[in-house]
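Please examine the sequence and the model shown below. The paragraphs that follow lead through selected parts of it.

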Amino acid sequence: MSEPKPPTPTPGDMYKGWLFKWTNYIKGYQRRWFVLSNGLLSYYRTQAEMGHTCRGTINLATANIAVEDSCNFVISNGGAQTYHLKASSEVERQRWITALELAKAKAVHMQAESDDSGDDCPAAPPTSGQSGGCRNLEIQSTLRTLGSKVEDLNTCNDLIVKHGSALQRSLSELEGIRVAGDMGEKMRQVTERATLFRITSNAMINACRDFLSLAQSHSKRWQKALQVERDQRIRLEETLEQLAKQHNHLERAFRGATVLPPSFSNPALANKGGGPVKGDASDEDDDNEFFDAMEDPAAFITVPADPKYHRSGSNISGISSETGMDDQSVNFDEQSLASNPESPQTLELEPVRQRRTRIPDKPNYYLNLWSIMKNCIGKELSKIPMPVNFNEPLSMLQRLSEDLEYYELLDKAAKCQSSLEQMCYVAAFTVSSYSTTVHRTGKPFNPLLGETFELDRLKDCGYRSLCEQVSHHPPAAAHHASSEKGWNLRQEITLASKFRGKYLSIMPLGSIQCLFDKSDNHYSWKKVTTTVHNIIVGKLWIDQSGEIDVVNHKTGDRCHLKFAPYSYFSRDVPRKVTGVVADKDGKAHYVLSGTWDEKMEFSRIMQSSKGENGTEGKQRTVYQTLKAKEIWRKNPLPEGAENMYFFSSLALTLNEPEEGVAPTDCRRRPDQKLMEDGRWDEANAEKQRLEEKQRTVRREREREAVKAASSPEEAVTEDSINDSPSKTDARETGTDANEGFDESTHPDNYTAMWFEKLDDPVSGETLHVYKGGYWEAKEQGGWDMCPDLF
C-alpha cells in the first residue's frame, strides 16, 4: 500500500514520517516513526507512542549527516548516538536530508546567537503562553525604571557640581582673608571635605552610568536566557507529566498505522556477520525490554485463501456442504433483510419522537480522587464513600440498558438461516457493548433496592427493555429486553470491584443470555474484566481484558473471544479483540478480529493447518481466509461529547423525562437529576438523604424478618439488629445503601417486583427472569404496589 508523500520541508516546519532504522544483526532494519522538530530528531515505534514514549533523540546542532548510498544515510553526534537510517526511495531520502540540513543550520544559528552576548540579537520569538510575554514586559519595565533613576542621579550630579563649584569659590575667597591660624586650618579641612564629596558623587554617577550601559548591552541576552529557562521548565513539566501517564494509552492519531513484523527487513542484511554493530540498539533488543504485562502470543494466524475459493459476486462464497449452508445464506449484507416480508420497510411509518441531543455541560469541579481512595485499598468499590463528583448522571441500570445501542446486530442475527452466521452477529454484539466505555471514567450511580429503568423503543427500534435492582447484598441488577424482530435478551449482573492502589478492577459476575424465537437458538456468555488505570496520578483511562465464550446451547457452536490487555511495549493494536467461531466438533468456520472501541470484521475460513511453533513452543494454527468484511462499527460520538461525560447519542436520552414511567424509575431519582443539571452540592446532600432513607427501610425489613422467624435458632432480637456496634458503625460509614454489610449474614429479605429467580434448564444457571406485568401496569397506570424510593 503506497503512503502519501509528505510535502517538501521548509525551514521551521515539523517533519515526520517512516524510516527504517538499523537495530542489530539479528533484526536488521526495523520500521520506526521519526519526528524532526526544533532541531531535535526523535523516533518512536509507532505513531501512537508519540504521546507517551520516545525511543531516542539526537540533537542536530552537534550532529554530522552523511549519505551512504541512494537510500541510506547516517546521523551521528560524535559520541554514543549513531543512527543508521534507510528511506523507502531515493526521493524520500533526499526529502529527509533536506529537512535535516535545514534543521541543523537553524539549530547551529540559534546556538550561536545564544552564546554570543556582544552582538545584537533579533527580537525573541513570541511564546505560546502569556507568562513569557509577562516576563518580557517586566524586564522592559525594570530597565525603564533603572534609566529613570540614573537620569535623576545625573540631575543630582549637575546640582552637586554646580553647588560644589560655588562652595569652592566661596572657600577660596575665605582663604584670601587674613585671619588667625586656626581659622585657616579649618578652611583647609572644609575644602578637602568638599573635594572628597564631589569625587564621591562623581564616582557614584559613573557607577550608575556603567550599570545602565551594561544593562542595555545585555538586556536582549537576558531576555533570551529567561526564555530558554522557561522553555526548559515547560519541557521538564511535560516530561514529568508523560512519566506520570506512562500507562495511559492516548488515542492513536492515525487508525491505519501499522508496524511491520520483525521478519520484514532487507534480505541482504540477514547474512551480515562480523564487524561492529551499527547504531545503538539498546531500546530495540527484546531481551532488554521491560514489559508491564506478559504478551500472550496469538493462538492462530490468518493468511489469504487460495484464489480458487473466490467466486464472482460474493466475498463469502465457497461454503462447505458440511455446514448445510449455500452461498446465499452467508452474504452478510442487508439485501436479505430488505427482501424479507417482515422487514419494517413494509410497515406504515409512524412519527418518531424527537429526543434530546444535549445535556448541561459537566461543571469543572476539582476533587482529589486519591485523597478519598487512599484508605480504601483492597475494599469493594460499593463500600467506598464516593461523592457525586466522581459519578456520571446515569444509574447502573441505565448503563446496562446501553448494551442495546447496537440492537441492529441482533435484528440481523434473527434473520440468519445458519447458526454459525448467527453466532458471528451475536459475538459482534457482545463486543459492541464495550464501545461506550472507552472514555467513560465516571462511576454510575448505585441503584437503590427496587429501583427500575425502562427503555421503551418499540416504535423507534422495535424493542423495549426493563431493568430492576433485585439485590443489594451483593448488588445485582436483572435486565430483560424483547424485540418484535424475534429475539429476547436477559442478563443478571453482579459487580465485584477491588481497588488495587494504582488501578481499579471491576469484575462483572453473572451471565447474559440471548434467545431467538425462530430458531430456538439459546446463547449465553459472560463479561470481561474492566480496569480503570491511573487512580493516583495522571489521566484516567479504561481497559477491557479477558476471554469470553459465547455458547449456543442448542447446536453446540462456540465462539471464543479474547480481549487483549493493554501492554505498554506491545506491538499489537490497542484494545484488540480476536475470536474464532467453531461448530460442536471444534471445526473453525469464521475468524473475528478488530477492536472493542471501533469496529469488528469477520473472515470465512476456507482451510486450516498447523503452523510453526510460536513463543514458548506453542504451535499456532494457520487459517486461510477470504477477504475480511466489516460486521460492526462504532457510531460517532455527538458533537461536544467531551463536555457531556462522553455520552453516546443513546446515553444522552436515557435520563430524559418520560410520561407514565414507574415511580421507581431512575429518571425520577432527584440526586441524579441534580447532578445532570450541574447542582452537585445539592446532589450530594440528596444522595445522602436517599441512602439514609434506604437504610431505614432495610432495618424495618430486618425487624419484620425477626418477627417472622419460626424457630429460636433463627430468631434474632431487635436490639441485636438495631444496637449492634459493628453493624451500626458499618451502616454509618457507608454512603451507598449497600455499604457496610456482610451479605452472608444479612440477606435482603426483598422480593423483586418484576423478576423472579428461576433455574434455566438449558444453560443450567440460576438467574432472575422477567415474570411479566410491567408494561400492562404502565398501560393501566397501576403503580400502587411500587415502593416509595425517592
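Over the ring of which residue does the charged end of R604 sit? It sits over the ring of Y590, 5.1 Å from the ring centre; a charge is said to sit over a ring if NZ of Lys or CZ of Arg is within 6 Å of the ring centre and within 35 degrees of the ring normal. The model is predicted, so local features need pLDDT of at least 70 and side-chain atom pairs count only at pLDDT 80 or more, whereas totals for chains, interfaces and linings use all residues. Residues are numbered from 1 along each chain as its sequence is written, and side-chain values use heavy atoms, with hydrogens and water left out.

R604 also serves as a reference point for A588: the two residues are 16 apart in sequence and 9.3 Å apart in space, C-alpha to C-alpha. A588 lies in strand β21 (residues 588-595); helices (H or I, at least four residues) and strands (E, at least two) are DSSP runs, numbered from the N terminus. With a relative accessible area of 15%, A588 is buried, a term that means under 20%, with exposed over 50% and partly exposed in between (1.4 Å probe, protein chains only). Neighbours within four places in sequence aside, A588 is in contact with V580, V581, A582, I605 and Y623, where contact means heavy atoms within 4.5 Å.

A second strand, β18 (residues 541-552), holds Q544. Q544 is buried, with a relative accessible area of 1%. Its side chain makes polar contacts with the side chains of T530 (2.7 Å) and T437 (3.0 Å). A polar contact is a pair of N or O atoms within 3.5 Å; within protein, one must be able to donate a hydrogen and the other to accept it, and residues adjacent in sequence count only if both atoms are side-chain atoms. Beyond four places in sequence, the contacts of Q544 include F563 and W596.

F563 leads to the nonpolar interior, being among the residues with the most contacts inside the largest nonpolar core, which has 67 residues. Such a core is a set of buried Ala, Val, Leu, Ile, Met, Phe, Trp, Tyr and Cys residues joined through side-chain atoms within 4.5 Å. The largest share of this core, 9 residues, comes from α8. All 14 residues of helix α8 are buried. The end C-alpha atoms of α8 (residues 419-432) are 20 Å apart, in agreement with the expected span of 20 Å, which is 1.5 Å times one less than the number of residues. At the start of this helix, a side-chain oxygen of S418 comes within 3.2 Å of the backbone nitrogen of L420.

The last topic is the aromatic residues. The model has 19 aromatic pairs, counted where rings of Phe, Tyr and Trp (its six-membered ring) have centres within 6.5 Å; planes under 30 degrees apart count as stacked, over 60 as edge-to-face and the rest as tilted. Y15 and W96 form an edge-to-face pair, 4.7 Å centre to centre with 75 degrees between the planes. This pair links strand β1 (residues 15-24) to helix α1 (residues 90-115), across 81 residues. Both Y15 and W96 are buried. The ring centres of W18 and W33 lie 5.1 Å apart with planes at 70 degrees, so this pair is edge-to-face. W18 and W33 are both buried, and the charged end of R31 sits over the ring of W18, 4.2 Å from its centre.
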